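This briefing walks through selected side-chain pairings, helix packing and one buried position. Please read it alongside the sequence and the structure shown below.

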Amino acid sequence: MPEKTFPGILSTVGNTPLVELERLLPEFGSRVFGKVERFNPGGSIKDRSALGMLLAAIRDGAVEPGRSVIIESSSGNLAVGLAQICRYFGLRFICVVDGKTTEQNLAILRAFRAEVEIVTERDGLTSEYLPMRLRRVRELVAGTPDAYWPNQYASLLNPKAHETTMREIEEALDGRVDFLFCSVSTFGTLRGCRDHIRSRGLDTTVVAVDALGSAIFGLESTQRLIPGHGASVVPPLMDDSAADEVVHVSDLECVVACRRLIDREAVLAGGSSGATVAALWKFRHRIPDGSNCVLVFPDGGDRYLDTIYSDSWVHQNFGDVSHLWKG
């Protein structure tokens with residue numbers, strides 16, 4: 001049997017496993033699957049977006065290795081994906097992150113020789129970092145020769161990359177995808193999955209999973225603890241028609257779901273993955289028995305060891321809540 005090899009690390013983006021979660025909800029009458037995106041080389045689903053946006057820019061000449069400077073805003077995962085791709089192509093990369101970006105992500109970015117700017121001032125209106133990150137990106141782009149901003153928040157190449165994500169899910173389940181739970185931030189993943197669902201005529205109910213305190217679906221923006229899902233401003237890619245249902249999940253519900261997921265399935269997942277688990281729990285009574293439910297797990301929990309999986313951090317922010325996931 002011939003050996004299966006890959007022509008460079010970037011060719012391993014995508015084709016992540018779809019894992020059945022048989023122990024997560026023992027009394028649930030439907031099957032539950034997790035699309036485990038941590039198996040991408042940069043560790044998250046954002047590798048798909050990063051590769052799609054940069055490869056297109058390189059192919060059309062907008063980005064030239066050795067000359068162009070990539071500048072982007074990210075809370076963590078897209079930054080890591082871009083940093084790996086920029087290192088592969090020899091591109092200078094300046095990433096604007098914020099005070100919620102984990103130490104693990106910062107260390108990874110520096111290992112890839114990315115130049116990191118950390119925004120520490122919150123926006124006065126929303127109390128969030130994102131508006132300040134975007135302002136700093138615009139300043140850097142304006143003042144840097146040969147700058148290129150992929151702009152994950154507005155580029156249609158972002159959702160385009162996730163049509164493949166949904167195609168992989170469809171193929172794995174022979175087209176039988178009854179419910180898709182997808183956390184939202186830039187709206188790239190959900191919109192791309194919905195575009196594929198529509199093009200294929202699939203009878204899939206798309207459930208958008210947003211954070212309490214996120215402005216995406218019209219709630220008042222408030223300060224949140226866990227990065228990765230939700231946004232303090234409505235992203236340009238947002239499309240109301242892309243989601244059939246919306247479930248809002250609190251920071252505490254994310255923590256409980258992540259802890260329950262590792263206890264019952266031995267899956268170490270990130271906060272936005274836990275959000276989809278929490279949303280499934282809240283939505284479960286509306287799901288007919290015998291359905292196939294897919295949860296998109298954007299990243300792993302190894303970058304949340306100092307927060308979600310730290311007993312002291314959880315106790316400091318929520319009190320003694322371990323009873324919520326034990327037993």
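A residue is called buried when its relative accessible area is under 20%, exposed when that area is over 50%, and partly exposed in between. Because R194 has a relative accessibility of 8%, under the 20% limit, R194 counts as buried. The model described here is predicted, and its structure holds 19 salt bridges.

**Salt bridges between separate elements**

- The side chains of D244 and R194 meet in a salt bridge, with N to O at 2.5 Å, and this pair links distant parts of the chain, since D244 lies in the loop between β8 (205-211) and β9 (245-249) while R194 belongs to helix α6, 50 residues apart.
- The two partners fall into separate burial classes, for D244 is partly exposed at 40% relative accessibility, whereas R194 is buried at 8%.
- Salt bridges that share partners also join K35, E37, R48 and E168 into one network.
- R200 forms a salt bridge with E170, in which the closest N and O atoms are 2.8 Å apart; this pair, too, links distant parts of the chain, with R200 in helix α6 (residues 188-200) and E170 in helix α5, 30 residues apart.
- R200 is exposed, with a relative accessible area of 51%, while its partner E170 is buried, with a relative accessible area of 7%.

**A salt bridge within one helix**

- K160 and E163 join their side chains in a salt bridge of 3.6 Å, N to O, and both residues lie in helix α5 (residues 157-172), where they are three residues apart, about one turn of the helix.
- E163 is partly exposed, with a relative accessible area of 23%.

**Packing of α5 with α6**

- Two packed helices are described by the angle between their axes and the distance between the axes.
- The axes of α5 and α6 come within 7 Å and cross at roughly 60°, an angle that makes the two helices oblique to each other, and their crossing is right-handed.
- On the α5 side, the contact is made by N158, P159, H162, E163, T165, M166, R167 and E170, which meet G188, T189, R191, G192, C193, D195, H196, I197 and R200 in α6.
- By class, this contact of α5 with α6 comprises four nonpolar, seven polar and six charged residues.
- The salt-bridged residues E170 and R200 are both among the residues of this helix contact.

**Packing of α2 with α3**

- Helix α2 (residues 77-89) and helix α3 (residues 103-111) have axes that come within 9 Å and cross at roughly 15°, and α2 is therefore roughly parallel to α3.
- The crossing in which α2 passes α3 is left-handed.
- N77, A79, V80 and A83 in α2 meet N105, I108 and L109 in α3, and the residues of this contact divide into five nonpolar, two polar and no charged.

**A buried position in α8**

- T276 has its place in helix α8 (residues 271-283), and at 0% relative accessibility this residue counts as buried.
- Leaving aside residues up to four places away in sequence, T276 touches F181, C182, S183, V209, L295, V296 and F297.

Definitions and conventions: Residues numbered from 1 in each chain as written. Predicted model: local features only at pLDDT ≥ 70, side-chain atom pairs only at ≥ 80, totals over all residues. Heavy atoms only, no water. Helix = DSSP H or I, 4+ residues; strand = E, 2+ residues; numbered from the N terminus. Buried < 20%, exposed > 50% of the residue type's maximum accessible area, 1.4 Å probe, protein only. Contact = heavy atoms within 4.5 Å. Salt bridge = Lys/Arg side-chain N within 4 Å of Asp/Glu carboxyl O. Axes fitted to C-alpha atoms, helices over the stretch in contact; angles between N-to-C directions. Parallel < 35°, antiparallel > 145°, perpendicular 65-115°, else oblique. Left-handed = near helix turned anticlockwise from the far one by under 90°. Nonpolar A, V, L, I, M, F, W, Y, C, P; charged D, E, K, R; others polar.
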